[in-house]
Amino acid sequence: MATGDNAVLTRASVSFHTNDEDKDDDSRVEVTVRLMDQTVVASIADEFGHFDDHSEAGPFDLLITQAASRGALKTGSVAVKISPNGNDTWRFNFFLDLLFDDGAHLIARANGLEITESRQEQSFGIE
Amino acid sequence: MPEPSIAVPPPPDPLLTRASVTFHTNDDDKDNDTLVEVEVRLSDQRTVVAKLSDYLGHFPDHRDAGPFTLLMVHPVRRSQLRTGNVNILASANTTFPPFGHGDTWRFNFVVDLVFDDGAHLLARANGVQLKSRGVAAQQSFGIE
């Protein structure tokens, strides 16, 4: 088992809390974790169904596509993107949990987000 | 002749440097005069590592509150906290007899424990309900 900055990512999952504007059942959501050089480490893309107002969704496990250490991910980012079928405004909070093989985590989170057909993607740092 | 053994340093065991809690209130608010206590404890249930005790004001339905930083009261390393727990208590105002007006609070929370290597341990749960009427209500949660 590696430790410290050498610990290896073993699981990445994302949870959503929808606030006062739901996500349509046919709006596709993409969550992508990248290193600083934009290498994709983990991702998920799915319609997930309808996210009702004031409800929880997830955690959803991302597919890990590139081995990455905690040290490398400390300067990484996560992008949340919505591709609606027509119009959709979704207001939500998200919590990304990156778990490493030493049992410790990095996270990314934000509250009060709004993404729409005209502003489809937002990116956040990993802490 | 056997080769000399090379001492392998023990893996780092970082120190806790910050503890904070964030709440999301669901469909039942927290009254402004309901006291909230959050304690991070070791597995012995006696050693309090970090704590918060405050009214924190009114938490309306469907709102986020925090993060609130806990007061660190006992230095610990990550390995000690893996088997620790987080206790959340709500104590409604008891001014009016016999049990005060009481308060039911429904919420989600995340306790974020940050160590000096920048990594985290977490405790979190959704759909928690604390119903305080006359006596404080509390629940404990594991740390992951």
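This is a short tour of a predicted model, moving from chain B to its contact with chain A and then to a sheet in chain A.

**Stop 1: chain B as a whole**

Select chain B and colour by secondary structure. One helix and nine strands should appear. Follow the chain along its sequence and the pattern reads β-β-β-β-β-α-β-β-β-β, with the helix between the fifth and sixth strands.

Now turn the chain to look along its principal axes. The C-alpha atoms fill a box of roughly 85 × 30 × 20 Å. The radius of gyration of chain B is 19 Å, whereas a compact globule of 144 residues would have one near 15 Å.

Of the 144 residues in this chain, 32% count as buried. Take the contacts in chain B between residues at least 6 apart in sequence: 69% of these join residues at least 24 apart.

**Stop 2: the nonpolar core**

Stay on chain B and select B:Val38, B:Val40 and B:Val111. These are the residues with the most contacts inside the largest nonpolar core, which has 59 residues.

Centre the view on B:Val38. Which residues is B:Val38 in contact with, leaving aside its neighbours within four places in sequence? Select B:Val21, B:Lys51, B:Leu52, B:Leu70, B:Val86, B:Ile88 and B:Val111 to show them. One of these, B:Val111, was already picked out above as a residue with the most contacts inside the core.

**Stop 3: where chain A touches chain B**

Show both chains. The contact takes 17 residues from chain A and 17 residues from chain B. On the chain A side, select strand E1 (9-21), strand E7 (90-100) and strand E8 (105-115); these are the elements that give two or more residues to the side touching chain B. E8(A) gives the most, with four residues. Colour the chain A side by residue class: it divides into four nonpolar, nine polar and four charged residues.

**Stop 4: a sheet in chain A**

Hide chain B and look for five strands of chain A that form an open sheet. Their order is E5-E3-E2-E6-E9, and the pairing is antiparallel. Strand E5 (63-64) and strand E9 (121-125) stand at the edges; each has a single partner strand, so one side of each is left without a neighbour in the sheet.

Zoom in on E5(A) and select strand E3 (residues 40-46) of chain A with it. The two run antiparallel and are joined by two bridges. To finish, select A:Ser43: its bridge partner in E5(A) is A:Leu63.

How values were computed
Residues are numbered from 1 along each chain as its sequence is written. Chains are lettered from A and ligands numbered from 1 in the order in which they are written. This is a predicted model: local features need pLDDT of at least 70, side-chain atom pairs count only at pLDDT 80 or more; totals for chains, interfaces and linings use all residues. The radius of gyration is taken over C-alpha atoms; the globule rule is 2.2 Å times the number of residues to the power 0.38. A residue is buried if 20 or more other C-beta atoms lie within 10 Å of its own, exposed if 12 or fewer, and partly exposed in between; C-beta atoms are placed from the backbone. Two residues are in contact if their C-beta atoms, placed from the backbone, lie within 7 Å. Ala, Val, Leu, Ile, Met, Phe, Trp, Tyr, Cys and Pro count as nonpolar, Asp, Glu, Lys and Arg as charged, and the others, Gly among them, as polar. A nonpolar core is a set of buried Ala, Val, Leu, Ile, Met, Phe, Trp, Tyr and Cys residues joined through C-beta atoms within 7 Å. Two strands pair if DSSP finds at least two bridges between them.
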